[in-house]
Amino acid sequence: MKTMILDGSITENIKLCAGMLNAGGLVAFPTETVYGLGANGLDECAVAGIFTAKGRESDNPLIVHVASPKDVERLVSEIPEAFWILSRTFWPGPLTLIMKKSSAIPMNVTSGLETVAIRMPGHPAALELIRVSGSPVAAPSANPSGRPSPTKAEHVLKDLDGKIPYILDGGDCSVGLESTVLDISGDIPRILRPGGVTLEELREVLPNVELEGSSVGGTPRSPGMRYRHYAPKAPLTAILGPPDKTAEYIKSRLSQDTAALMFDDYSVDHPNVVTFGLSGDLVTQAARLFDALRQFDSMDVEAIYAQSPNEEGLGQAIANRIKKAAGTRIVDII
Ligand code: TXA
Ligand code: MG
């Protein structure tokens with residue numbers, strides 16, 4: 001199959017992609033968080049194609065994307081009280097809400113769970129695609145499982161060339177990290193995955209929001225959080241602590257066989273150093289992180305060391321992704 005990149009600002013291209021979704025095919029499309037790999041969310045066969053193209057474990061459920069909060073009504077069996085204030089405040093935007101599913105949602109979308117994850121994305125091309133197709137769009141991030149999520153159309157092409165017909169190009173993703181996944185199906189709203197909307201922002205409208213400990217009872221309730229993720233090819237070690245100390249640690253280990261992800265204001269001039277923003281600029285770090293991780297794949301190195309921000313505000317999601325990329329290789333400098 002030949003994969004074509006189409007300009008997402010052209011209406012004809014949106015129509016072409018919507019037609020592909022309606023015919024049961026797959027389309028990669030831009031959102032403000034990361035690129036998604038979409039299929040008609042009401043078509044079980046089409047959804048099965050997503051799992052094949054990504055090599056995704058069948059026990060890891062997908063997010064269903066809608067073009068308006070009203071579209072949620074037929075997809076859930078019950079609208080929780082918190083839904084309205086959350087959707088009014090954060091949609092369109094990087095917040096995914098978990099609610100009890102209705103029978104309209106095929107079982108493979110939710111991997112057999114009785115709940116469904118729903119998000120209204122903010123990118124105009126995504127909203128237009130969903131509207132024109134007339135159906136909710138099920139989509140995970142458009143990367144093969146385990147790889148950093150794509151934040152540019154060219155990342156998707158590199159990963160899925162020949163596996164999907166169209167990539168709708170909407171430019172670089174402005175947020176650059178995936179949505180926050182918030183479970184509102186029970187009594188207490190719980191963040192299952194930190195993301196573009198912060199805990200602090202959520203608590204302003206819902207003071208009782210809790211952050212699910214990543215290892216409560218062993219198994220995270222968001223199935224996707226179980227897997228090592230976002231990983232460049234060479235093993236990455238996350239170096240946690242004050243930036244002057246972590247920079248010192250990393251500099252003493254830099255060689256032609258090692259590489260580093262560093263803050264602009266603590267970096268050194270070295271061919272294997274990739275920077276991702278000033279230490280105090282979390283918005284830039286989020287936007288550049290996945291592209292930075294991908295840059296290591298063109299270097300012939302045996303180890304990568306990464307600085308990581310404090311876990312406050314957006315720093316929580318950034319540190320979460322860096323730690324996921326590291327797996328168990330974490331060094332904490334006090
Ligand atoms: O920003 C995003 O969320 C992007 C864009 C494309 O919208 N999508 C994305 O999808 O990151 P994905 O599939 O890579 O991650 C979805 C996460 C996974 O961790 C999955 O386990 C969790 O959401 N999830 C989906 N449905 C769930 C459910 N019913 N209960 C708990 N977790 C769920
Ligand atoms: Mg993903």
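How many residues join β9 to β10 in a hairpin? Six: the hairpin runs from β9 to β10 through six residues. That is a good place to start a walk through this model, which is a predicted one.

## The sheet

The hairpin belongs to an open sheet of 11 strands with mixed pairing. Reading across, the strand order is β1-β8-β2-β3-β7-β4-β6-β5-β9-β10-β11. At the edges of this sheet are β1 (4-7) and β11 (210-211), each of which pairs on one side only.

Partway across the sheet, strand β4 (residues 63-65) meets strand β7 (residues 137-139). These two run antiparallel and are joined by three bridges. If you want a pair to look at, take Val64, whose bridge partner in β7 is Ala138.

## Strand β9 and its neighbours

Strand β9 shows both senses of pairing. With strand β5 (residues 95-100), β9 runs parallel, and four bridges join the two. Here Ile98 has Asp183 of β9 as its bridge partner. With strand β10 (residues 190-193), β9 pairs in the antiparallel sense over three bridges, and Leu182 stands opposite Ile191 in β10.

The side chains of β9 are worth a look too. Thr180 and Leu182 point one way from the strand, while Val181 and Asp183 point the other way. All four of these residues are buried.

## Salt bridges across the chain

Now for the charged residues: the structure holds 12 salt bridges. One of them joins Arg294 to Asp159, with the closest N and O atoms 2.7 Å apart. This pair links distant parts of the chain, as Arg294 is in helix α8 (residues 282-295) and Asp159 in helix α5 (residues 153-160), 135 residues apart. Both Arg294 and Asp159 are buried. They also take part in a wider network of salt bridges that links Arg147, Asp159, Arg294 and Asp297.

A further salt bridge brings together the side chains of Arg321 and Glu178, at 2.8 Å from N to O. Arg321 sits in helix α9 (residues 315-326) and Glu178 in the loop between β8 (166-169) and β9 (180-183), so this contact ties together parts of the chain that are 143 residues apart in sequence. Arg321 and Glu178 are both buried.

## A salt bridge within one helix

For a local example, turn to helix α4 (residues 124-133). Glu128 and Arg131 form a salt bridge there through their side chains, with 3.2 Å from N to O. Why are Glu128 and Arg131 separated by about one helical turn? Because they are three residues apart in helix α4. Glu128 counts as partly exposed, since its relative accessibility is 30%.

## Negative charge on the surface

The surface carries a patch of negative charge where Glu200, Glu201, Glu204 and Glu312 gather. Glu312 lies in the loop between β15 (303-307) and α9. Is Glu312 buried or exposed? With a relative accessible area of 55%, Glu312 is exposed, because the cut-off for that class is over 50%.

## Helix α8 once more

Helix α8, already met through Arg294, is also the place of Ala292. Ala292 has a relative accessible area of 1%, so this residue is buried. From Ala292 to Val273 the distance is 9.8 Å, C-alpha to C-alpha, and the two are 19 residues apart in sequence.

## Two backbone details

Two spots in the loops deserve a glance at the backbone. The first topic is the peptide bond from Trp91 to Pro92, which is cis, with omega near -10 degrees. Pro92 is placed in the loop between α3 (82-90) and β5.

The other topic is Ser111, whose phi is near 50 degrees, a positive value in a residue other than glycine. Ser111 lies in the loop between β5 and β6 (115-119). Its relative accessibility is 21%, so Ser111 counts as partly exposed.

Key
Residues numbered from 1 in each chain as written. Chains lettered and ligands numbered in written order. Predicted model: local features only at pLDDT ≥ 70, side-chain atom pairs only at ≥ 80, totals over all residues. Heavy atoms only, no water. Salt bridge = Lys/Arg side-chain N within 4 Å of Asp/Glu carboxyl O. Buried < 20%, exposed > 50% of the residue type's maximum accessible area, 1.4 Å probe, protein only. Patch = residues over 30% accessible without salt bridge, like charges linked within 9 Å, V, L, I, M, F, W, Y side chains within 5 Å. Areas by Shrake-Rupley, 256 points an atom, 1.4 Å probe, with all protein chains shown as cover. Lys, Arg positive; Asp, Glu negative; His and termini not counted. Charge placed at Lys NZ, Arg CZ, Asp CG, Glu CD. Pairing = 2+ DSSP bridges.
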